[in-house]
Amino acid sequence: MTKPWPQPRASQARILEYAGGRMGVAAVPGSGKTWTLSLLAAKLVRETRLERGQQVLVVTLVNAARGKFEQQVREFLGEESLGTLYRVRTLHGLARDIVAERPGLVGLADDFTIIDEPESMDIVGDALQAWFSARPDFGLEEYVAPDHRDKDYSLRKWREEAQKIAGDFIKRAKDFRVEPVSLRKALAAYPRLLPLAEMCTQVYEAYERGLRYRGAVDFQDLIRLALQALEEDAGFLERLRHRWPVILEDEAQDSSRLQEEILRVLVGQSGNWVRVGDPNQAIYESFTTASPQFLRSFLREPGVVARELPESGRSAPAVIALANRLIGWSADHPHPRVRARQPLAPPEICPLPEGNPPDTPSGISIPIGLKMTGDEERRYIARLLSEWLPEHRDWTVAVLVPTNPAGAEMSRVLREFNLPLIEMLRTTTSTRRVAGTLYRVMNSLAHAAESGALSGAFRVWLRDERDDPAVGEAVARLKKIPRIEEYLAPRDRDWLLEEESRGGLPVAADLLREFREVVRRWQRATLLPVDQLVLTLAGGLFTAPAEIATASSIAGHLRSMVAAAPETGFDDLVAELKAIAESKRKFVGLGEDDDQFDPSRYPGQVVLMTNHGAKGLEWDRVFLMSVNNYDFPSADAHDSYQGESFFARERLNLRAEGLAQLRVLVEGGTYRIGEATAEARVEYASERLRLLYVGITRARRELVITWNTGKRGDLVPARPLHALAAAVGGREWREGGDS
Amino acid sequence: MNLSAEQQSIIESPTGVRTFLRGEAGTGKTTAGAGRLRHLLETGVSAHSILVLVAQRRLADPYLEVARDPAGRAGAEVTITTLGGLARRMVGLYWPLITNRLSRSFPNRRPRFLSLEMVQYLMFRILGPEIDAKDYFNSVTIDRARLYGQIADNLNKAAVVGFPAESIGARLTAAFAGEEERRHIFEDAQTCASLFREYCRRYNLLDFSLQVELFCQHLWKFASPREALIGRYRHLIVDNLEEDTPATHRLLSEWVPSSQSALLICDEEAGYRKFLGADDISALGLREACDREVVFGRTRVMTRSMRALLAGVVGAMSDEAAEGGGLERSERLRARRAIGHTPAARSRFHTQMLDWVADEVAGLVERKRVRPERIVVLAPILGDSLRHSLVSRLEQRGVETWTLRPSRALREEPAAQSLMTLAKLAHPDWRLEARHRPGRTDVERMLMCVLEGLDLTRASLMAEVLYRREGLQPFTRVTNGEMRERITEVFGERYDRLRAWLEAFRRAGEAEPLDIFLRRLFGEVLSQAGFGFHQDFDAARVASNLIDSARSFRQSAEGIESRFDLGNEYARMVDEGILADQYEPRRQGAGPRGVLIAPAYTFLLSNRAVDYQFWLNIDSPSWNRRLYQPLTQPYVLSAQWRAGDVWTEAHERESSREMLARVVAGLLRRCRRKVYLGLSRYDERGYEQIGELRVIFDYLLRDLSPEERKVEASPEAES
């Protein structure tokens, strides 16, 4: 059954009037942009007479948003037809589709694989090792401070940094679409030595060979190759343009140069394109070519209808006022170069006429006067939570930290305080759960005679029904089976029958009988190649597409391990799964996640995640930690920067310097050492300001912002924090005094 | 069998008549062809003088059945072969006539025929280092086994299509529309093909391409071999001409006019082996060589509903089609009755779709009493996991199945792996590098595979207790009573029999070739009662293919390479994934009982019709997309390609549409009652796809009301 269209607000209705051409929408946090765009997609599907094979294409940046979209469009449309009239993809998913449709166009075989970030960094690491073993003293003079040149620790860090420099360099080179061979020529032509570019170009060559050898591409390649395919074959492009007569794009502020280019090419001169985004929430600028300026300039392009979605019903007026204060502060940023970049810009957030969540007495707290070390800050927040939580069992609450390592430390303290914790750090829980589940099952197959391993597999098989008494009984009994084979493959004696007949299994007999069948199937599947085994197991263990997709990526990863080293044993594969499950190794699936993390499912529990991870989510109460001049610098002379290594000469940001060397090779100009480091500070300061804005706008009703003095005790509150504290009447903090 | 008058007239046509018979699938052409063979034999024509030529061995089944009919006359045998078979035989007999085409260094040395294994192996040895040293193919992403496969494929295409092997690179380059800097890969492909060709010539080694080239372009031009062939085979029956290559067609165009009788059979709207050089257009050229042309137009398979469905699908696929495939409403409703599809509630996940398929199949078998062999489950690509998941679901519901699958790496076949593990255990003298030596898991899996009924738990216990670095230890020496009891005497005794056999082999110390070792192991132990291959049809087939592969590897290698231990080298090749299970299954009789699970193409080339078809994963792009091979291009390397043209998107789209149309029509023409479409929003890997087939069916059904579209309410198509 199809539901009647829901009632949009006036600003939303103006967007829903869209009938064709180009439209750009600047939205604010909580303005319902995804909802509006879904409704627009449904409306276009229903009201446009699409030809056979035509679809309304919706593109999002990240998987998490995709599922929400899909679900909403489906709800608006109802289940009609075989569902061929709209399509929701992430940009990477779209690129993959394009490449996979004509892999031959871009030199790929049909079954090309996509390697993830860690594997890609492994290849870079191997190539660098070769580089350094031929030139052990490389870069010391140019890039390492004299007092660090003979310190083993510093030298090790320099080599680790070199891996990141090369990784960034390769990614950016791919974004520029330059091949190693052209770089090699440009290097030869450049009048002076560019040591970082020299090193990175050689690594880039080896890296590309490594990919070819594996029959694989990386994430950057997907985008680059998709664009190449579109450019190379006009007919192919024409076909795709016909297939997608309208493209709707969400989170447009985070699209990189190349990603935007793909959509631009797909849309063509006269196509239909709606881009929705919030430039104030662009938080992926550093080390990518994404920039909020792209969306802003799009809004100003001739022929583009510019619209705004300025109303937001998410937050209490006090929170909105604070966020708007930050926009205002940004316009007067003390650093002229940051100011010129307009890190944050109007529209400001307007509350809804019909009302937002009301302000509460304890609404916003910015105890800027509290000068705390990192540990004191963590304990301070844990104490606040211990007091607050018992009285707010039905509220949602999040603690947002700037980085994963900071999160890990916070997690330790929250556990120490016995607070109910949902930790969302590093990998998503979904990836960990998938790897963990597969690990338990594969482990039971690797140790097929061990009852402990079997009960572990049983637990994950019925992971959602842990509270069922039958499950408890079954686990307890499984752990103690003396001879597993008499349960799983009985010959003379059947353990299950014997136990049952003597009344030893009052509730679990049926469950154990079912499990036995399942394990038998698993056992038979061990004869399959490992990727097929994993896919087979996944089919029975998971139902969410994201989980299946993650399992499939894991399957591909294990297969490539075996292909690269045929001697890899089953035990090695099980160990690898365990490492992924324990997050020792980050693992990114390209699966389509429609199981977005939903904070409202965890009232009364503390969700711990990074500011970046929190984008798109909201909680009743939010704690923003570590808002100091290291995590949120303002390009002041006394700020210190994450990108600037302690061992580096003159506090150079070597990753930025590497990219600058690349830029002169590609775009021309002259490289001057140190310029890129200075520019990176400005860029970083701008982005972190937006990150602070994202953090603030996660709060619905209450917000606590704190800071700490850092490892060396010399950090101060982030500059904007003063302005925010003043806005809510907080006390000033001054160096040298507590208040 | 009820034969139609038109079939009878083909079967009984008098000698002296050469007939070109064409028609769509399911019109009874092959039945007429096989009937013709029977008729010739029954009317006293000498089997010696009959040649049945087919494009691939599997297509020969109906003819083999007639030729092997125990009621037939004893004596000479009908020759049933392929062009490759014929070429090999002729080159083997007449090579002295063409020594100038062979090695200059060894003009008097008998040429050696290379098996597929040997071609892969030699490329691995000869081209591998060259590619590394010169950094060839640096702009393509492809694994080595497939790279060699495509180089070999290009050479084969040159031979069967009939263009010089030196022009492969130029042809591919000229048609390539992509980036300038990627063109050099075709030069690299040419260089590698030429290098390999040169190596073969130098040592008088004949791969498939050289065999065909020497036979068709040289030997056939000599009077004596040609006359010997024409003189012997006076009666020709050629089936599935459209699946054969221009080389065959050219040969026949000169041969047929001199034959005493000929029946050339050609399927319309087929040509499924295009990627191997098949050419349905040049096949039609053979009409000129015949005295008459007969067209079979009436389907002997499809019901009226199926016919309506076919018309609707064809309509919905054409560019001009209106919604509903251009069918009248009543016809559309009729077509609807021949379609079933996964209901929305069960079409979210891949596994739900599989459950639905298994339920429907079981329902047909149990409730409707449909014989399992009248049902086929088809997928565009049939991976291990899909096959395993489906087979276990059907087994659980008590439905028997069997599978047909094209080639894949031998190392991925558990049966082949187990045999190789045993071979390694029996040959300590191979001195394998550590990474090729069997590990505990290999032994565990091997035991599970070769000891019938052994479960993983006991296999794991056995591997732990009985496998040591120096080899397998006897079960009789296990003194721990509990362990003996757990493993059980039954398995212990079987294991000891296997071990004793291996031990005896080791002790004998005879340098027996690997294939002979495997054959004996299979025959004397593994195929016996109590061992895994006793009743496992698929495993036995793989074992037999492995033995064939090892044998042809040895035969090809003997005399080429004497420096290395062949068995050891073969084992290494299997481990590296270079060698594939390339042999077509040899079917006995009408095939095993049970529901057939197969890739769609394999089914299309198996010459049979069924009552019910299940199409899995209809959203997979593989239904309508050729396999992309960066170093080769079946269309550009075909006889129909116009030199100088560039392969564009329009070609791509046209070929894809044509391919889908042929597959869909081919399948529907082989289906009597109903087609079930397996839909799932997410595929096996969790990707969401919307395929062309779904779009077409959606288009066909779009205007029907929800009631009319409903699956549950749809009555079974009429007979």
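How many residues of chain A are in contact with chain B, and how many residues of chain B do they meet? In this predicted model, 58 residues of chain A are in contact with 62 residues of chain B. The tour begins with chain A as a whole and then returns to this interface.

**Chain A as a whole.** Select chain A and display its ribbon. There are 29 helices and 16 strands in chain A. Its C-alpha atoms occupy a box of roughly 85 × 65 × 65 Å along the principal axes. A compact globule of 739 residues would have a radius of gyration near 27 Å, so the 28 Å of chain A agrees with that expectation. Of these 739 residues, 50% count as buried. Among contacts in chain A with a separation of 6 or more, 80% join residues 24 or more positions apart.

**The domains.** Next, colour chain A by domain. Domain 1 combines 10-102 with 222-309, and domain 2 covers 113-214. Domain 3 combines 336-425 with 609-727, while domain 4 covers 429-581. Now select domain 2 and domain 4 of chain A: their centres, taken over C-alpha atoms, are separated by 42 Å.

**The side that touches chain B.** Finally, show both chains and return to the 58 residues of chain A that are in contact with chain B. The elements of chain A that give two or more residues to this side include α9 (195-214), β5 (216-217), α11 (234-243) and α25 (545-564). Select α25(A), which supplies the largest share, five residues. Colouring this side of chain A by class shows 27 nonpolar, 16 polar and 15 charged residues.

Terms used: Residues numbered from 1 in each chain as written. Chains lettered and ligands numbered in written order. Predicted model: local features only at pLDDT ≥ 70, side-chain atom pairs only at ≥ 80, totals over all residues. Domains from an automatic or database assignment. Contact = placed C-beta atoms within 7 Å. Helix = DSSP H or I, 4+ residues; strand = E, 2+ residues; numbered from the N terminus. Nonpolar A, V, L, I, M, F, W, Y, C, P; charged D, E, K, R; others polar. Rg over C-alpha atoms; globule rule 2.2 N^0.38 Å. Buried ≥ 20, exposed ≤ 12 C-beta atoms within 10 Å, placed from the backbone.
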